[in-house]
Amino acid sequence: MKTTLSVIEITAILVFAYSGMTHARKNGFDYIGVLTIALVSAFGGGTLRDVLLGNHPLYWIAHWEFLIYVFLLSPIALFLLRFDKDFSSHRTLMLIDALGLGLFTASGVGIALEMKTPLLPAAFIGVITATFGGVLRDVLSTQKPQLFQPTEPLYATCAFAGAWIYISMLRLDFQPTLALIVCIAVTFLLRTLAIIFNVRLPF
Amino acid sequence: MKTTLSVIEITAILVFAYSGMTHARKNGFDYIGVLTIALVSAFGGGTLRDVLLGNHPLYWIAHWEFLIYVFLLSPIALFLLRFDKDFSSHRTLMLIDALGLGLFTASGVGIALEMKTPLLPAAFIGVITATFGGVLRDVLSTQKPQLFQPTEPLYATCAFAGAWIYISMLRLDFQPTLALIVCIAVTFLLRTLAIIFNVRLPF
Amino acid sequence: MKTTLSVIEITAILVFAYSGMTHARKNGFDYIGVLTIALVSAFGGGTLRDVLLGNHPLYWIAHWEFLIYVFLLSPIALFLLRFDKDFSSHRTLMLIDALGLGLFTASGVGIALEMKTPLLPAAFIGVITATFGGVLRDVLSTQKPQLFQPTEPLYATCAFAGAWIYISMLRLDFQPTLALIVCIAVTFLLRTLAIIFNVRLPF
């Protein structure tokens, strides 16, 4: 189980980073921009979580091997993009992204609760962890955040639902690992359904 | 007195949040965007204060009931905006905003001084607390910050004056509550005069 | 030696602040905007370093005399800009900026290592310290960060090289002051060569 979660974590981080790279390239940034936007997309949400909670050292400082994975990914991404192969909206990547959405939500909620955060702000921290990498990516590219666009299928909403599932299961004394799996599964399912049926916020 | 200050605090937070909501709607954001911009407008300055000072837990984590108030405000705001009733530049709201400007400045200065911040940076922290919610709101909407526009009447300047009044009175051993009231009153007066006479920075 | 380093630090901060002021003026900001962008340009990178590392009090809170220097610089800058004298791309300023690039990189790496940061993230913190004041300046002006533009000569790359020189020398037990000087010298040299020969990232 732990291995499965690690695989989800690593692939999700790489998918977040990859989509950041294609985003940076479309904005005409050079390699410094590509790398920065990739790192911000992958680690921005977790960094904001840790800074808001006062939780040090930061995730990417403690687990700096992830920085290397993103480095190693960058030449591959640049190679693909050179031949106009943008896979960032490919179905497989969106599915991995949806898994990451659930995992990062749970990680945010989990760390927040450990630090005695009340339930509602803990749920918010979960959503911020999962979604604000993308918001920071957009802000650094001076684009209106995709997260706020009424044309996009549900994203933060799925994370918010997942956060409450996770909180509820922990409060009902379910095993943390089970709660984590259910949180990822529910968030993933909601997000996948939102994409398939193009479900958007009605207001 | 304490009740009066609480009433000012809550109404000011709601006014900040409401003006964020109208701002988000004008930018065409969906409900996630409306809620995020509302929360950032209301709590962004205080969050920046706490992060810069290393003061944890954050204001909205300790007082998460304020998150609920903003939640409850959102359907009302959306309802009004649906009928094109934008009250965000209404005189009453500007007056409450001016009260909040003074209160948040004092809160920033107060917490900074408690944490042994020297006077000049404490005054800066006060101004940041009161004004950077709006700056973050504008950055998230990729608009040039209103705070920096030469067409706007004095805002940060009033907060800066209020911050020094507050600091001076505390140093002269006035009662903290009295200093707070005078700070709010002076900031409010300056801001109101700036609006009435359209006073702007000459350079 | 210590005096020389202090002189480099102060002049570099003033050059960063000055270039922020001209940047703000070109964006049509008023004095509040000019001052904010100047402070963000000068202290934004160091602030981000301290916030990411959880290192309090912040640099500009402990050394608030630097805030006063920036204040004192502002009328001079506004006076020069009024007569259309924009010296911000003048050769002398670019040289001082290049010295600052090296010094701030080393300061970031140094503080990161003191706080037990592993080497790779420490190098990143060094680059962030030296370059993110400019990124925050651009974000606050809603402009795509200059740091990411393929038309600009190497900047972050020089800082990254300097960071590794500094780390290597410290690990090889060279004297810290010597390591600092070599880091500044190498970063300065690389940056100067990049400007002269207009060296840019090839991808």
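Helix 6 and helix 7 of chain C cross in a right-handed way, a crossing being right-handed if the near helix is turned clockwise from the far one by less than a right angle, and left-handed if anticlockwise. The model is a predicted one, in which local features need pLDDT of at least 70 and side-chain atom pairs count only at pLDDT 80 or more, while totals for chains, interfaces and linings use all residues. Residues are numbered from 1 along each chain as its sequence is written, and chains are lettered from A and ligands numbered from 1 in the order in which they are written.

Back to the helix pair. Helices here are DSSP runs (H or I, at least four residues), numbered from the N terminus. The axes of helix 6 and helix 7 of chain C are 9 Å apart and meet at an angle of about 135 degrees; axes are lines fitted to C-alpha atoms over the stretch in contact, with angles running from 0 to 180 degrees between N-to-C directions. That angle makes helix 6 of chain C oblique to helix 7 of chain C (under 35 degrees is roughly parallel, over 145 roughly antiparallel, 65 to 115 roughly perpendicular, and the rest oblique). On the helix 6 side, the residues involved include Leu119(C), Gly126(C) and Thr131(C), and among their counterparts in helix 7 are Phe160(C), Trp164(C) and Ile167(C). Contact means C-beta atoms, placed from the backbone, within 7 Å. This helix contact splits into eleven nonpolar residues, two polar and no charged, where Ala, Val, Leu, Ile, Met, Phe, Trp, Tyr, Cys and Pro count as nonpolar, Asp, Glu, Lys and Arg as charged, and the others, Gly among them, as polar.

Now for the neighbouring chain. Chain C touches 22 residues of chain A through 20 of its own. Helix 2 (31-53), helix 6 (119-140) and helix 7 (156-171) of chain C each put at least two residues into that side, and helix 6 of chain C gives the largest share, with three. By type, the chain C side holds 13 nonpolar residues, six polar and one charged.

As for symmetry, a turn of 120 degrees and a shift of 0.0 Å along the axis lay chain C on chain A with an RMSD of 0.0 Å, superposed by least squares on C-alpha atoms of residues with pLDDT of at least 70 in both copies. The two copies are therefore related as by a three-fold rotation axis. They use different surfaces, with 20% of the contact residues of chain C recurring in chain A. Thr142(C) is the residue of chain C that comes closest to the rotation axis, its C-alpha lying at 3.4 Å.

How values were computed: Two residues are in contact if their C-beta atoms, placed from the backbone, lie within 7 Å.
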